[in-house]
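Student: I would like to go through this structure with you and ask, step by step, what stands behind the words used for its parts. Could we begin with the structure itself?

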Amino acid sequence: MSIKSLSPGRGVSTRDRAERRLAVRMTAPSLILMALVAAVPIGYAVWLSLNQYSVRTAGLSRFVGLENYTTALASPDWWAAFGQTFLFAGLSVSLELVLGTAMALLLNLAFKGRALLRTVVLLPYAIITVVSAITWQTMFQPNLGLVTNVLSALGLPGGDVVWLGEHGYAMAVIVLADVWKTTPFAALIILAGLQVIPAETYEAAELDGAGKWQTFLHITLPLLRPAIVLAAIFRTMDALRVFDLPFVLTRGANGTESMSMLAYTQLRENRLVGEGSALSILTFLTVMVVSVIYIRFAGGNIRDVAKEEQ
Amino acid sequence: MKVFISAGRRRLALNAAAAVMAGSMLAACGGGASSQNNGVAAADPAAGKDATGSINICGGKDASGIYKGTAEAFTKAHGKVMAKYTEIGATTDEARTQAVQRLEGKSDECDIFLTDVIWTSEFASQGWLVDQSKLVEANKDHLIPSTVETTKYEDKYWASPFFTNAGLIYYQKDKVAKPETWQQLYAEAAKAPGNSFVYQGKQYEGLTVNFLEMLYSAGGEVLDSNGEVKIDSPQTREVLDFMVKGLKDGSADRAVLTYNEDPARLAYESGNDGYQRNWPHVYRLLNETKLKGTFGVAPLPTWEGGKASGVLGGWNLAISAHSKNQAGAVAFIDFATTPEWQKHVAMDFSQAPVNEAAYSDAAVVAKMPFAKELLASVKGAKPRPISPVYPQISQAIYKNVYAVLSGTASTEDAVKSMAEEITAAKKSF
């Protein structure tokens with residue numbers, strides 16, 4: 001693009017044309033590579049989703065068009081997984097953003113050992129999700145688990161609850177496990193956003209006699225919005241593809257099956273390649289649509305902020 | 001799951017397209033539908049004698065050491081064939097995925113695959129295995145019939161049983177009586193909170209097993225010998241209602257809804273329960289806890305007015321259709337299933353032999369004092385439904401049973417949808 005903007009007028013000189021050809025030649029390898037890496041697997045998955053592959057006879061398949069999609073979309077299992085995945089994403093992402101903002105504000109304060117603490121809070125994020133899921137499972141085990149025992153000992157409600165055996169409680173544990181793990185990630189992105197807010201704005205606010213709360217509400221938060229939205233995009237995309245937490249914690253029992261788990265069951269356990277691929281594509285499209293909505297919203301947001309700054 | 005399984009109504013145009021696609025697919029794979037089973041060689045029992053070279057046995061994590069141990073012992077005994085064991089996955093699920101990938105890719109890396117008893121029909125239907133009918137017929141006289149049944153698909157034997165597995169009841173002798181019937185077990189368990197029964201009630205394959213153990217002993221079945229769906233029966237309802245009642249009256253703690261094998265064992269080890277349903281390997285582990293000497297082992301109880309039954313687990317030895325040394329594989333299988341080696345299966349590795357005589361061998365009984373109870377469980381047990389779509393059938397069972405146990409579905413609705421989903425699964429293309 002920059003090559004084009006360099007050309008002075010409408011008329012394209014020979015040199016320009018040669019340069020453009022060169023540009024095409026030079027970018028071609030990476031474009032082809034990107035196409036191979038991104039488009040080919042997706043295209044292949046789409047092709048798989050338009051066929052059915054026999055689970056009885058080796059190598060037998062048939063083209064069914066959109067049938068795998070229509071059966072999936074007519075299925076209560078898909079819509080249940082769809083709803084539950086959004087419920088999970090909504091709950092976990094909002095909690096992560098609120099807690100992440102708070103954490104970022106704390107980490108932004110000047111105190112001794114700040115660098116060390118910034119590293120330490122990232123630890124949960126470094127732990128493999130499956131491992132942390134197993135830990136949570138153990139902690140919430142009825143009778144033997146740490147959480148249930150502590151709750152019983154303190155006489156608090158929940159000690160005698162079979163946490164992973166009921167929908168509301170099971171969902172709470174899954175959300176908790178996710179919040180515990182990924183809040184540091186959200187905090188890190190928001191912290192980056194905090195650090196670019198110029199100190200002068202705070203000085204000006206202080207001169208004008210704004211209190212701590214007012215400063216936070218009218219300066220920090222608006223200027224932090226792009227960072228928060230960015231964290232929200234990353235986290236939402238991840239949350240909508242959630243697989244490992246419900247897989248380990250409940251195996252999808254008590255209505256906690258996610259879209260990805262449904263696709264996994266069909267693809268891996270049942271070897272229904274066509275049906276499973278259709279579910280994967282549907283999950284992919286769902287995540288795509290949500291990200292496009294976000295990016296539109298975030299784009300507007302960033303422009304708003306820019307205007308406010310002016 | 002039912003909705004994903006195509007009813008298979010197709011218009012003419014699509015049919016034509018499908019035929020073309022199928023045709024090209026077959027050509028691409030160089031085999032398939034018409035030639036699948038005929039194209040696969042049958043294992044010749046005599047071939048093992050003159051075998052040479054090396055063989056590679058592939059399977060999951062060798063926790064008890066039995067796979068490597070058997071390969072080493074075989075290499076030493078045979079003299080001309082060298083066997084080695086390759087771990088291709090840490091868990092059963094992973095090992096299956098890895099095996100499927102190798103078989104789909106026609107890899108000759110593995111000559112023998114350790115196959116879970118429930119994989120037989122799926123693998124055989126895909127033309128991945130060598131027909132072992134002759135070999136099994138030759139060895140049948142020293143193999144327990146129920147274990148041989150797990151290797152059968154469409155009247156042929158596709159593997160040889162290596163070691164088996166069957167559920168047992170562990171019980172606290174000081175608190176509860178040895179269970180004779182399920183009804184008695186549940187009644188006793190309900191008497192005091194410390195008597196309760198722990199089993200595997202999480203939504204997974206283990207729940208299918210726990211449920212079928214009761215269903216089989218109550219005289220119910222999933223598929224009959226013709227493959228017809230028989231799950232919609234009074235027995236299924238009776239067993240489900242019985243299990244639900246058990247959760248309500250305290251025979252079993254609601255916590256079982258989250259238990260697979262290990263959590264069930266850990267809960268029982270805390271000493272707050274009376275009965276536990278689990279596999280034989282738990283015996284050794286319980287002996288390492290404070291419960292040593294306080295518990296007894298019993299075969300699975302009978303259903304009141306019914307018989308004792310159970311569900312077989314265990315691992316079979318299947319020869320890959322792409323093996324380059326089938327004679328060596330046959331030699332290994334012959335060795336692994338001999339009555340002599342089957343004693344070592346129990347003595348050295350604490351697994352359940354597939355040879356009946358091994359269970360009364362003095363050295364085995366010394367190592368496995370519950371050998372008699374285990375044999376009773378194994379002999380009474382039946383395979384899980386035999387079908388290439390077994391995973392879908394099992395999901396239909398455990399999801400619906402779980403829904404009833406957790407109180408989100410009525411027995412009636414669950415039985416209906418189980419039957420519908422299994423019927424639909426059986427229709428899958």
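Student: Why is B:Thr164 called buried?

Tutor: This is a predicted model, and in it B:Thr164 has a relative accessibility of 2%. Since buried means under 20%, B:Thr164 counts as buried. The residue has its place in strand β6 (residues 160–165) of chain B, and, leaving out residues up to four places away in sequence, B:Thr164 touches several others, among them B:Thr147, B:Leu312, B:Tyr359 and B:Val378.

Student: What makes A:Val130 partly exposed?

Tutor: A:Val130, which lies in helix α7 (residues 129–139) of chain A, has a relative accessible area of 36%. Buried would require a value under 20% and exposed one over 50%, so at 36% A:Val130 is partly exposed. Apart from neighbours within four places in sequence, A:Val130 is in contact with A:Asp244 and A:Val248.

Student: How do you know that B:Lys399 and A:Glu257 form a salt bridge?

Tutor: A side-chain nitrogen of Lys or Arg has to be within 4 Å of a carboxyl oxygen of Asp or Glu, and for the side chains of B:Lys399 and A:Glu257 the N to O distance is 3.5 Å. The pair therefore satisfies the cut-off of 4 Å, and the count between chain B and chain A is four salt bridges.

Student: How much area is buried between chain B and chain A?

Tutor: The value is about 4300 Å², of which carbon and sulfur atoms give 54%. In terms of contacts, 53 residues of chain B meet 48 residues of chain A.

Student: What makes the pair of A:Arg235 and A:Asp178 a link between separate parts of the chain?

Tutor: The closest N and O atoms of A:Arg235 and A:Asp178 are 3.0 Å apart, and a salt bridge asks for a distance within 4 Å. A:Arg235 belongs to helix α11 (residues 212–240) of chain A and A:Asp178 to helix α9 (residues 167–195) of chain A, so the salt bridge ties together parts that are 57 residues apart in sequence. A:Arg235, at 3% relative accessibility, counts as buried, and A:Asp178, at 8%, counts as buried too.

Student: How exposed or buried are the partners in the salt bridge of B:Lys324 and B:Asp108?

Tutor: The side chains of B:Lys324 and B:Asp108 meet at 2.5 Å, N to O. This pair links distant parts of the chain, 216 residues apart, with B:Lys324 in the loop between β12 (313–319) and α12 (326–336) of chain B and B:Asp108 in the loop between α3 (92–104) and β3 (112–116) of chain B. With a relative accessible area of 69%, B:Lys324 is exposed, because exposed means over 50%. B:Asp108, with 37%, is partly exposed.

Student: Why do B:Asp361 and B:Lys343 fall into separate classes, buried and partly exposed?

Tutor: The cut-off for buried is under 20%; B:Asp361, with a relative accessible area of 18%, is therefore buried, whereas B:Lys343, at 23%, counts as partly exposed. Their side chains meet in a salt bridge of 3.4 Å, N to O.

Student: Why are β8 and β10 of chain B said to stand at the edges?

Tutor: The open sheet has four strands in the order β8-β9-β7-β10 (chain B), with mixed pairing. In that sheet β8 (197–198) and β10 (295–299) each have a single partner strand, so one side of each is left without a neighbour. Strand β7 (residues 168–172) of chain B pairs with β10(B) in the antiparallel sense over five bridges, and one of these partnerships joins B:Ile169 to B:Ala298.

Student: How do you know that β1 and β2 of chain B pair?

Tutor: At least two bridges are needed for two strands to pair, and seven bridges join β1 (residues 53–59) to β2 (residues 81–87) of chain B, which run parallel. With helix α2 (residues 66–78) of chain B, these strands make a right-handed β-α-β unit.

Student: What makes helix α16 of chain B mostly covered?

Tutor: In α16(B), 16 of its 16 residues are buried. Helix α16 (residues 390–405) of chain B reaches 22 Å from its first C-alpha to its last, close to the 22 Å expected at 1.5 Å a residue.

Notes:
Residues numbered from 1 in each chain as written. Chains lettered and ligands numbered in written order. Predicted model: local features only at pLDDT ≥ 70, side-chain atom pairs only at ≥ 80, totals over all residues. Heavy atoms only, no water. Helix = DSSP H or I, 4+ residues; strand = E, 2+ residues; numbered from the N terminus. Right-handed = clockwise from strand over helix to strand, strands pointing away. Expected span 1.5 Å × (residues − 1). Buried < 20%, exposed > 50% of the residue type's maximum accessible area, 1.4 Å probe, protein only. Contact = heavy atoms within 4.5 Å. Buried area = accessible area lost by both parts, 1.4 Å probe.
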